[in-house]
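Visitor: I'd love a close look at just one part of this. Could you pick a spot, stay with it, and take me through it slowly?

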Amino acid sequence: MTSQNIITAINENLSDNSLAPKYIQLKESFELIIKKRIIANGAVLPSERKLAEELNVSRVTIVKVLEELRLSGLIIKKQGKGTTVNFPLDYNLSGGGFSSQLHNQGQLSNRWISRELIEGEEHIRQELNVIQPSKIAKVKRVRLTDDTPVSIETMFIPQVYLPRPELLEWSLYQYWSEQGIKPSTQEYQINAHQLTQEEADMLETEMSEPALMIILKSLDEQGNILEYGSAICRSASYNFKFKVQLLD
């Protein structure tokens, strides 16, 4: 979203009949367009000077608004990058797939890198419990919300559960649902991750940006392994949640 589009969105969401001070109206408009994801997480806001000029308020007012947004955690100031939106995607690790969870948190899209059948390295075959001569489907893509890359997902799936990976257009879990395949258990491992230059380029960021590596294995009710792989996530783009049942 361009600077002018952000300013237009702020103006469009101002309350016409509000008797509140202008800085309160502006703050509420900012909060609305951020929380409704009219502007995406990570979007760079216009400069204080440009905001003041375009919104027809003093720079002091803009400074006050931005400081309150910063204190509430909705924006952050990055050295050399300006002020950016900070409203991560809520992702429940025990709540299903990416598409089903995040469809109402922005416009989702994929940048496909690989959809193919491969032999697979030995450790991948062992993780999936796949023996020769069966092949493995490899699905690799960059996940985007509102055209902003948020993660790189690489999954390996036994051929029996995805025989034609090149035909997969959107959600793997939706495809499985249509085929009567139901994941029952998911195992996760989460680690800090240092981006490579290739990964940073895919995510349209710098190698220094904090990232997480999530390793996932999904099984059905019979214990069959449905998928194994990883997602490299921009830390600032996600708010991970999970729920566990404590044992007696």
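**Around helix α2**

Guide: Let's start where α2 passes α4, in a crossing that is right-handed (the near helix is turned clockwise from the far one by less than a right angle; anticlockwise would be left-handed). Bear in mind that this is a predicted model, where local features need pLDDT of at least 70, side-chain atom pairs count only at 80 or more, and totals for chains, interfaces and linings use all residues. Residue numbers run from 1 along each chain as its sequence is written, and side-chain values use heavy atoms, leaving out hydrogens and water.

So where are the two helices? Find α2 at residues 22-35 and α4 at residues 59-71 (helices are DSSP runs of H or I, at least four residues; strands are E, at least two; both are numbered from the N terminus). The axes of this pair come within 9 Å, and they cross at roughly 45 degrees (axes are lines fitted to C-alpha atoms, for helices over the stretch in contact, with angles from 0 to 180 degrees between N-to-C directions). That makes α2 oblique to α4 (under 35 degrees is roughly parallel, over 145 roughly antiparallel, 65 to 115 roughly perpendicular, and the rest oblique).

Now look at another partner of α2. Helix α1, residues 3-12, packs with α2 at about 115 degrees, and their axes are 8 Å apart. α1 and α2 are therefore roughly perpendicular to each other. The crossing of α1 and α2 is right-handed.

Next, follow the chain out of α2. R37 sits in the loop between α2 and α3, and α3 covers 48-55. What is special about the phi of R37? R37 has a phi near 60 degrees, which is a positive value in a residue other than glycine.

One last stop, in another loop. P133 lies between α6 (122-128) and β5 (136-145). The peptide bond joining Q132 and P133 is cis, with omega about 5 degrees.
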